[in-house]
Amino acid sequence: MNSKEIRTQFLNFFKEKNHKIVPSAPMVIKDDPTLMFTNAGMNQFKEFFLGNSTAKHSRIVDTQKCLRVSGKHNDLEEVGKDTYHHTMFEMLGNWSFGDYFKKEAIEWAWELLTEVLKIDKNRLYVSVFEGSNDDDALAMDHEAFDFWKAIVPEDRIILGNKKDNFWEMGDQGPCGPCSEIHVDIRPEEEMAKVSGASLVNQDHPLVVEIWNLVFMQYNRKASGQLEPLPSKHVDTGMGFERLCMVLQGVRSNYDTDIFTPIIREIETITSSKYCNQEKTDVAIRVIADHIRAVSFSIADGQLPSNTGAGYVIRRILRRAIRYGFTFLNTKQPFMYRLVKVLAETMGNAFPELKEQRQLIENVIKEEEHSFLKTLEQGLVLLDTIIQKNKGNEVDGRKAFELYDTYGFPIDLTSLILSEKGLSLDEEGFNLAMQEQKDRSKSASEVSKEDWVVLSDDAEQEFVGYDVLEADVRLVKYRKVTSKKDGELYQLVFNLTPFYAEGGGQVGDKGYLEVQNGDVVYILDTKKENNEIVHFAKNLPKHLNGALKAVVDKKQRGRTEANHTATHLLHQALREILGNHVEQKGSAVHSKYLRFDFSHFAKLTTDEIRAVENFVNARIDGQLPLQEKRNAPMEEALAEGAMALFGEKYGDTVRTVRFGQSLELCGGTHVKNTADIWHFKIRSEGAVAAGIRRIEAITSDAVKEFYFENDRTLYEIKDLLNNAQDPVKAVQTLQEENAKLKKEVDQLLRDKAKNLKGDLQKELQEINGIRFLAKKVDLDVSGIKDLSFEMGSNVDNLFLLFATEQNGKALLSCYISKNLVAEKNLNAGNIVRELGKYIQGGGGGQPFFATAGGKNPSGIDEALKRAKDFL
Ligand code: ATP
Ligand code: MG
């Protein structure tokens with residue numbers, strides 16, 4: 001069975017059991033401060049488990065793109081070394097939200113694996129939570145045990161500890177016992193020798209976990225206490241690549257049809273062979289794995305960068321590049337050439353790969369280029385470190401610097417050192433690494449207290465599309481402490497006019513008016529687990545009192561102008577540059593807007609003008625906002641609404657229309673484009689290969705911009721004596737200036753000519769040398785010209801000129817070339833010697849040299865001494 005069929009079989013099996021098939025959520029998570037990437041199928045359903053909102057379908061089935069490279073689940077260092085952990089993988093899952101529980105979950109999993117997919121029952125083991133000694137609330141999962149016992153021989157049921165059989169989302173939140181299903185794919189002879197049961201959860205590459213059935217029944221509070229959840233849920237996750245390995249009868253995920261086409265391509269491009277040698281094989285697996293993680297991220301809109309999620313992606317890509325560099329000898333970009341085959345093998349299940357192929361290739365290629373350059377520079381730097389090194393061990397801190405500042409991989413450093421018979425002081429390196437980690441950790445550490453719940457309103461309403469003030473009630477609050485912001489309170493209301501940061505738009509600020517006239521300021525608004533959370537420095541005095549929530553109107557208004565302008569800009573770019581333009585990110589602030597989009601060339605001045613004109617024409621057109629708050633997704637798309645890659649949309653969406661611009665958008669907008677007043681682009685540039693960025697301003701910011709320009713112009717006019725036409729006045733000034741410069745040059749030249757005549761008369765004859773040492777009033781180049789001109793008229797010449805300019809002294813020595821040879825004279829040495837008197841130094845050629853110094857009062861002495869050299 002090929003992988004495509006396996007995926008379909010899984011989905012259809014549960015569809016027949018009344019599950020709704022839903023698409024994978026994006027792998028890159030944008031609006032959740034607690035998680036960068038989806039690391040399990042359950043992430044997108046978190047809010048249902050927490051009870052913050054209710055699922056529309058109580059049974060769901062899907063395949064979810066996951067990435068385990070940071071935070072709680074980080075498999076990065078395993079990947080490539082073993083054959084069954086990936087960075088990016090698909091997690092197949094079936095879900096029950098308050099519907100069926102352990103019995104069905106267990107029976108159906110068994111039915112699917114053994115009856116539909118026909119996996120040999122004698123190769124399967126299941127595990128059940130044995131209970132925990134250190135936590136009273138955690139008893140053994142007898143329920144699950146009994147359901148399993150009804151279908152599986154007891155000796156195949158393994159009791160597991162808290163680490164393997166109790167699943168927790170994080171330090172806080174929903175959790176519960178789980179049952180894992182493991183499969184033994186060893187050859188039969190080996191199975192006869194050692195029992196599979198003894199190898200479960202022992203990191204054996206051929207006895208692996210394929211499916212985890214989690215039974216969510218508790219909520220863990222910040223205090224560590226467990227409380228039962230109001231309704232119970234099922235969350236299952238099966239590794240798709242592992243399942244394919246089992247069903248396709250191979251012993252490594254990399255030997256399934258998911259990976260073999262990529263591996264063949266790597267072999268071709270790098271002229272290496274998979275299955276020859278451990279190091280090569282690891283490198284090939286790393287590359288085959290990482291190209292997926294990186295491509296899927298870019299398709300989801302996350303480009304490699306220097307911070308946050310972008311940095312994680314950059315590191316993954318670099319890990320693959322350096323494996324290639326070190327073990328496959330790839331010195332040119334090559335990873336980008338794998339995108340084609342990846343898009344061919346996975347593009348049907350994940351069309352974003354096909355649609356964005358070109359962009360993905362460009363971005364990866366550019367990254368490869370610059371990292372290969374870094375590697376080369378790093379090699380040079382490492383060489384200097386090695387040369388300067390004393391002893392056999394190289395300072396770990398130096399290696400850390402190389403790693404930290406230049407991104408030069410530490411394993412490469414070790415390798416190179418060992419090739420040269422040196423060793424790395426690993427302790428020093430680790431220490432430096434730890435220190436840095438501690439620094440950044442303490443800066444980002446946030447501690448959260450438990451929510452204090454005042455009332456149990458399940459769902460919270462956002463009323464901020466219509467009003468900026470509302471009477472609200474505090475539903476719950478908690479204290480959060482971080483180094484960055486100190487102590488803050490998070491407040492959740494029954495309803496709120498405050499917009500929470502999302503879709504690129506910043507969160508609202510404002511205040512709460514408390515009954516007794518007090519005011520509590522709201523500093524920011526964010527979404528956490530789909531709840532709108534308000535941040536404040538303090539709490540209202542009477543927690544249950546009446547509150548009026550008031551949004552900062554000015555900031556909101558400016559932000560809205562920028563958000564609507566962003567839509568118009570998007571439309572303008574597609575009209576003017578073409579339909580290949582896709583939004584790749586946006587930031588809508590009150591002071592400016594930023595828009596990233598795919599396009600392959602710098603915008604010309606004409607294009608920028610055209611874009612501005614296009615947007616301003618729509619502002620002048622006074623287009624009203626037309627929104628639909630609950631449009632079915634298909635209907636919105638059929639109407640031509642712009643949806644973004646990597647964005648998560650529900651079944652119903654909000655659409656925002658201004659004239660021909662129609663977007664799916666949850667943000668807030670002006671009521672009429674006339675409110676934007678004016679749109680002005682401030683900058684256009686590249687952010688990555690094939691991605692451009694425009695920064696622009698609207699409304700008050702444009703006014704301020706023009707006001708500033710106006711003031712500058714006024715000042716210029718003032719300096720130009722109130723010229724009517726300042727441009728012309730500046731041109732005239734420039735012309736006059738050029739003319740004057742020419743005249744001055746001519747005058748100086750004339751002066752030098754006259755001087756030459758006078759000075760020739762002053763030459764002294766000493767030992768057949770014509771000699772003159774004198775202070776002149778010329779600049780450096782004037783002196784040089786003078787010396788050479790005299791030299792062309794007079795033979796056997798020795799000149800020493802001195803001049804004083806801006807408090808500094810200059811000496812210049814000219815000696816006819818024949819004298820240099822015959823009398824063994826050297827102008828360079830002479831000025832160096834004489835330079836002492838003016839407290840300076842210099843040099844040059846034997847026939848002409850200069851010296852500068854800071855002591856003009858030494859000039860006379862220097863001139864006097866010149867004769868000594870003859
Ligand atoms: P393991 O112990 O093998 O790392 P896990 O306990 O971390 O697995 P879960 O978090 O329960 O796994 O995830 C559910 C399923 O997803 C696993 O049973 C496995 O099949 C699959 N899975 C987990 N991590 C990976 C990974 N890094 N690559 C591929 N599949 C994975
Ligand atoms: Mg794991």
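**Exercise 1. Decide whether Thr673 is buried or exposed in this predicted model, and find what surrounds it.**

*Solution.*
Step 1. Take the relative accessible area of Thr673, which is 0%. The cut-off for buried is under 20%. Thr673 is therefore buried.
Step 2. Place the residue. Thr673 sits in the loop between β29 (661-664) and β30.
Step 3. List its contacts, leaving out residues up to four places away in sequence. Thr673 touches Thr564, Leu568, Arg618, Ile619, Gln622, Leu623 and Phe658.
Step 4. Compare sequence with space. Pro624 is 49 residues from Thr673 in sequence, yet their C-alpha atoms are 6.4 Å apart.

**Exercise 2. Check the length of helix α16, then work out which residues line its buried face.**

*Solution.*
Step 1. Helix α16 covers residues 426-444, 19 residues in total. At 1.5 Å a residue, the expected span is 27 Å.
Step 2. The end C-alpha atoms of α16 are 27 Å apart, so the model agrees with the expected span.
Step 3. Pick out the buried residues of α16: Gly428, Phe429, Ala432 and Met433.
Step 4. Look down the axis of α16. The buried residues fall within an arc of 135 degrees, so they line one face of the helix. The general rule helps here: an α-helix has 3.6 residues a turn, so residues three or four places apart point the same way.
Step 5. Find the packing partners. The buried residues of α16 pack against α14 (396-406) and α15 (410-419).
Step 6. Turn to the face away from the buried side. That face of α16 carries the exposed residues Glu426, Glu427 and Lys441.

**Exercise 3. Characterise the salt bridges of Lys102, Glu107 and Lys602 by partner, place and burial.**

*Solution.*
Step 1. Start with the total. The whole structure holds 57 salt bridges.
Step 2. Take Lys102. Its side chain meets that of Asp141 in a salt bridge, 2.8 Å from N to O. The pair links distant parts of the chain, 39 residues apart: Lys102 is in helix α3 (residues 102-116), and Asp141 is in the loop between β6 (124-129) and α4 (142-149).
Step 3. Check burial. Lys102 has a relative accessible area of 2%, so it is buried. Asp141 has 5%, so this partner is buried too.
Step 4. Take Glu107. Its partner is Lys103, with the closest N and O atoms 3.1 Å apart. Both lie in helix α3, four residues apart, about one turn of the helix. Glu107 is partly exposed at 31% relative accessible area. Lys103 is partly exposed at 38%.
Step 5. Take Lys602. It forms a salt bridge with Glu684, the closest N and O atoms being 3.1 Å apart. This pair also links distant parts of the chain, 82 residues apart. Lys602 lies in the loop between β26 (593-598) and α18 (605-620), and Glu684 in strand β30 (residues 679-688).
Step 6. Check burial again. Lys602 has 54% relative accessibility and counts as exposed. Glu684 has 12% and counts as buried.
Step 7. Add the network. Asp466, Glu627, Arg629 and Arg654 are linked by salt bridges.

**Exercise 4. Identify the nonpolar surface patch that includes Leu523.**

*Solution.*
Step 1. Place Leu523: it is in strand β22 (residues 519-528).
Step 2. Leu523 has 37% relative accessibility, so it counts as partly exposed.
Step 3. Leu523 joins Val519 and Tyr521 in a nonpolar patch on the surface. Together they have about 270 Å² of accessible area.

Conventions. Residues numbered from 1 in each chain as written. Chains lettered and ligands numbered in written order. Predicted model: local features only at pLDDT ≥ 70, side-chain atom pairs only at ≥ 80, totals over all residues. Heavy atoms only, no water. Patch = residues over 30% accessible without salt bridge, like charges linked within 9 Å, V, L, I, M, F, W, Y side chains within 5 Å. Areas by Shrake-Rupley, 256 points an atom, 1.4 Å probe, with all protein chains shown as cover. Salt bridge = Lys/Arg side-chain N within 4 Å of Asp/Glu carboxyl O. Helix = DSSP H or I, 4+ residues; strand = E, 2+ residues; numbered from the N terminus. Buried < 20%, exposed > 50% of the residue type's maximum accessible area, 1.4 Å probe, protein only. Expected span 1.5 Å × (residues − 1). Arc of directions from axis to C-beta. Contact = heavy atoms within 4.5 Å.
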